[in-house]
Amino acid sequence: MSSTSSGEMVYVEHTAGVHGLPKIILREVRGCSAEVYLYGAQVTSWKNEHGEELLFLSSKAIFKPPKAIRGGIPICFPQFGIQGSLEQHGFARNRFWIVDPDPPPFPTITSNKAFVDLILQCSEEDVKIWPHRFEFRLRITLGPGGDLMLTSRIRNTSTDGKLLAFTFAYHTYFAVTDVSEVRVEGLETLDYLDNLKNRERFTEQGDAITFEAEVDKIYLSTPTKIAIIDHERKRTFVLRKDGLPDAVVWNPWDKKAKAIPDLGDADYKHMLCVEAACVEKPIVLKPGEEWKGRQELSAVPSSYCSGQLDPQKALQSE
Ligand code: TA6
């Protein structure tokens with residue numbers, strides 16, 4: 001259902017997804033859409049006005065708690081990776097979130113109609129495995145032009161003076177035609193921690209980031225704009241971010257893909273994770289303090305310059 005019986009557009013639809021899990025569909029007038037599961041507050045689909053899927057979802061994704069959904073945009077919180085006392089990537093991606101009944105207003109008022117506010121409050125079970133008190137509010141917005149915006153607001157709700165320290169990532173799986181024909185712009189010459197080498201620090205060499213083997217890197221002090229250029233599809237994803245200094249780039253390639261039970265053997269060719277993140281230096285909040293971290297995605301046709309893709313145009317365009 002995308003319009004009411006009187007023909008009015010339905011911007012936000014509450015429905016059921018795989019295995020009856022609660023799902024919210026956001027729609028915009030031009031025909032673009034996004035789907036969000038309350039399980040993990042996870043965006044699992046983002047489509048442009050032609051109905052083309054822009055996010056990768058594994059052909060073997062398991063929609064059964066407590067397993068996290070493989071694909072879309074899992075939220076890594078309060079821990080990114082295995083560095084910490086929790087399971088890999090923390091617990092936000094395998095908790096049921098609720099629709100926020102009373103979200104505090106955003107400082108900027110927009111006319112967007114396709115958005116949903118979700119909240120994750122720590123349960124007593126969570127406090128047992130991670131002894132902290134917090135409130136995590138997430139607004140997911142589909143802009144009129146099809147842009148997908150995720151804004152997280154995390155507050156330390158401790159009443160006993162305890163600091164709240166956490167790491168974070170929007171673990172975004174972009175759908176690409178063939179990862180070996182993809183180039184990432186905006187991270188060249190930066191320092192990174194290599195997850196495949198015990199997080200040893202290196203400096204990126206060369207003028208473009210391309211893919212021909214497994215990669216798992218945490219780029220540090222990254223710019224607010226990164227472009228992911230899918231040469232075959234002639235599409236450029238532009239990732240803009242705020243409050244998230246790092247950017248993780250991951251593709252498991254063939255061998256590792258085979259070892260991941262909920263990933264198809266050939267799926268790695270059609271995905272690339274580029275993740276707005278805060279990993280190297282945890283965010284630390286005093287009681288009552290709030291942190292805000294935002295990721296905004298747009299997909300634009302790649303522009304050509306004498307037969308070559310011109311990523312600068314994508315990076316410069318607002
Ligand atoms: O973001 C990259 C990464 O941390 C990799 O190290 C890789 O393991 C990936 O996330 C997937 O993690 P997951 O727990 O979802 O299998």
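Contact, in this tour, means heavy atoms within 4.5 Å. The structure on screen is a predicted model, and the stops below move from strand β20 towards the ligand and then out to the loops.

**Strand β20 and its surroundings**

Begin by selecting Glu296, which lies in strand β20, a run covering residues 290-301. If neighbours within four places in sequence are set aside, Glu296 is in contact with two stretches, namely Asp147, Leu148 and Met149 on the one hand and Val238, Leu239 and Arg240 on the other. Glu296 counts as buried because its relative accessibility is 17%, and the cut-off for that class is under 20%. Now show the side chain of Arg294 as well, since a polar contact of 2.9 Å joins it to the side chain of Glu296.

**Across to Leu239**

From the contact list of Glu296, pick Leu239, which is found in strand β17, residues 235-242. Is Leu239 buried or exposed? With a relative accessible area of 0%, Leu239 is buried. Not counting residues up to four places away in sequence, Leu239 touches Phe174, the stretch Thr224, Lys225 and Ile226, the pair Val274 and Ala276, and finally Gln295, Glu296 and Leu297. A useful distance to draw here runs from the C-alpha atom of Leu239 to that of Glu275, which are separated by 8.9 Å although the two residues are 36 residues apart along the chain. Glu275 leads on to the next stop, as it is one of the residues that surround the ligand.

**The ligand site**

Select the ligand together with the residues that surround it, which are Arg70, Phe80, Gln88, His89, Arg93, His171, Asn195, Asp216, Val248, Trp250 and Glu275. Which side chain has an N or O atom 2.8 Å from an oxygen atom of the ligand? That side chain belongs to Glu275. For Arg70, a side-chain N or O atom is 3.0 Å from a ligand oxygen, and for His171 the corresponding distance from a ligand oxygen to a side-chain N or O atom is 3.0 Å. Taken alone, the ligand exposes 390 Å², and the protein buries 83% of that area. If you display pockets, the space taken by the ligand is the largest pocket.

**Lys217 in strand β15**

Next go to Lys217, which lies in strand β15, residues 215-219. Not counting residues up to four places away in sequence, Lys217 touches Tyr192, Leu193, Glu204, Ala247, Val248 and Val249, and of these Val248 also appears among the residues around the ligand. Lys217 is classed as buried because its relative accessible area is 15%, a value that falls under the 20% limit. Its side chain makes a polar contact of 3.2 Å with the side chain of Glu204, so both side chains are best shown as sticks.

**Two residues with positive phi**

Move to Arg199, which lies in the loop between β13 (191-194) and β14 (200-203). Its phi is near 60 degrees, a positive value in a residue other than glycine, and Arg199 is buried, with a relative accessible area of 18%. Then select His19, in the loop between β1 (12-16) and β2 (22-27), where phi is near 55 degrees and is again positive in a residue other than glycine. In this case the residue counts as exposed, at 57% relative accessibility.

**Two cis peptide bonds**

Where is Pro66 to be found? Pro66 lies in the loop between β4 (42-47) and β5 (75-76), and a cis peptide bond with omega of about 5 degrees joins Pro65 and Pro66. Continuing along the chain, turn to the peptide bond from Phe77 to Pro78, which is cis with omega near 0 degrees; Pro78 lies in the loop between β5 and β6 (98-99).

**Last stop: Glu135**

Finish at Glu135, which is found in strand β8, residues 134-142. Its side chain is joined to that of Arg137 by a polar contact of 2.9 Å. Leaving out residues up to four places away in sequence, Glu135 touches Ile119, Leu120 and Gln121, and also Arg153, Ile154, Arg155 and Thr157. For Thr157, which is 22 residues from Glu135 along the chain, the separation of the two C-alpha atoms is 6.7 Å.

Technical notes
Residues are numbered from 1 along each chain as its sequence is written. This is a predicted model: local features need pLDDT of at least 70, side-chain atom pairs count only at pLDDT 80 or more; totals for chains, interfaces and linings use all residues. Side-chain values use heavy atoms; hydrogens and water are left out. Helices (H or I, at least four residues) and strands (E, at least two) are DSSP runs, numbered from the N terminus. Buried means under 20% relative accessible area, exposed over 50%, partly exposed in between (1.4 Å probe, protein chains only). A polar contact is a pair of N or O atoms within 3.5 Å; within protein, one must be able to donate a hydrogen and the other to accept it, and residues adjacent in sequence count only if both atoms are side-chain atoms. A residue is near a molecule or strand if one of its heavy atoms lies within 4 Å of it. Accessible areas come from the Shrake-Rupley method with a 1.4 Å probe; for residues, only the protein chains shown count as cover. On a 1 Å grid over the protein atoms alone, a cavity is a set of points where a 1.4 Å probe fits but cannot get out, and a pocket is an open set with protein on both sides within 12 Å along at least five of seven lines; lining residues have an atom within 4 Å of a point. A molecule sits in a cavity or pocket if more than half of its atoms lie within 2 Å of its grid points.
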